[in-house]
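Visitor: I would like to go through this model one question at a time. Please start with a single side chain and then move outward.

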Amino acid sequence: MTRKKHDLALVLWILLVFVAAMALRWKIFSLPIREGDEQVYKALVEYVLAGQPYSMQNHPLVTEGELPASVYAWPVFYHPPGGVWFFSIFAGPFRLMGLKLAQLVCFAITYFSLIGSALLLTSATRIVVFAYAPLAAFTPILSHISLRVWIDNPKVAFLSAFVFFSLAAVKKRISFFWWVAAFFAGIATFTKVDSLLAIPLYL
C-alpha cells in the first residue's frame, strides 16, 4: 500500500471513529437535566442571556434550599464565566438543545485536537494513531463528562486545543500558533481556574 493510500485510510478511520463516538453521544439530547451542577449551569446561562448578574444568589434553587446558600448565595458565582458564556453562544439560538449541542462541539474540539497532537508526535508511525483514535474517542472520563452539561467539557476542549497548537508551533515552527495556543490557555483558565495547574504540565 502506498503512502498516499495509507494516509487516506488513516483519515477515513479517524472520521469513522468520530462518527461512531458522536452517534453514541447523541443520546444527550434525550437526557434530562437533573444533576445539581447541570441545573446550576443551565440557570446561569438563562441569567446571562437575560442580562442578569452572573450569580445564583437569588435563584429558587438556592432560596428554596435545594442548593446550599453557604456555597451559592454570593454576589458572583465562584467559577469564572468562560464556560457559561460559551454555552450561551449555542443556547441563545437553540435554547435547551443548544446547551447540549455545546457539549458535542466540545467533544469534537477535544477529539480532533488529540488526534492532531498524536499526528504531530508520531508522524512516522501512523499505526500508533490508528490505535489511539478509539482511545481518544471512548476514554471513560471523556465519555462520561460529554454526556453532561458541565463546564469541564469546554475546559478539556480548550486545553486540548492549547496542547495541539503548542505542539504545532514547535513542530511546524510557526510562531502565530503560539498566539493561538495562548488564547486557548487563557479561555481554559477563564472557564475553570484549575486549568492553571494543567498548563505547566503540558509545557
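Visitor: Which side chain makes a polar contact with the side chain of Asp152?
Guide: This is a predicted model. A polar contact here needs a pair of N or O atoms within 3.5 Å. One such pair, at 2.9 Å, joins the side chain of Asp152 to that of Lys192.

Visitor: Which residues does Asp152 touch, not counting those up to four places away in sequence?
Guide: Contact means heavy atoms within 4.5 Å. With residues up to four places away left out, Asp152 touches Ile145 and Lys192.

Visitor: Is Asp152 buried or exposed?
Guide: The relative accessible area of Asp152 is 19%. The cut-off for buried is under 20%. Asp152 therefore counts as buried.

Visitor: In which helix is Asp152 found?
Guide: The helix in question covers residues 152-172. Asp152 is therefore found, as a buried residue, in helix H8.

Visitor: What distance separates the C-alpha atoms of Asp152 and Phe190?
Guide: Along the chain, Asp152 and Phe190 are 38 residues apart. In space, their C-alpha atoms are separated by 12 Å.

Visitor: How many helices does the protein chain have?
Guide: The protein chain has 0 strands. From the N terminus on, its elements run α-α-α-α-α-α-α-α-α-α. The number of helices is 10.

Visitor: How far apart do the centres of the positive and negative side chains lie?
Guide: The protein chain has 16 positive side chains and 9 negative ones. The centres of these two sets lie apart by 18 Å.

Key: Residues are numbered from 1 along each chain as its sequence is written. This is a predicted model: local features need pLDDT of at least 70, side-chain atom pairs count only at pLDDT 80 or more; totals for chains, interfaces and linings use all residues. Side-chain values use heavy atoms; hydrogens and water are left out. Helices (H or I, at least four residues) and strands (E, at least two) are DSSP runs, numbered from the N terminus. Lys and Arg count as positive and Asp and Glu as negative; His and the chain ends are not counted. The place of a charge is taken as NZ of Lys, CZ of Arg, CG of Asp or CD of Glu. Buried means under 20% relative accessible area, exposed over 50%, partly exposed in between (1.4 Å probe, protein chains only). A polar contact is a pair of N or O atoms within 3.5 Å; within protein, one must be able to donate a hydrogen and the other to accept it, and residues adjacent in sequence count only if both atoms are side-chain atoms.
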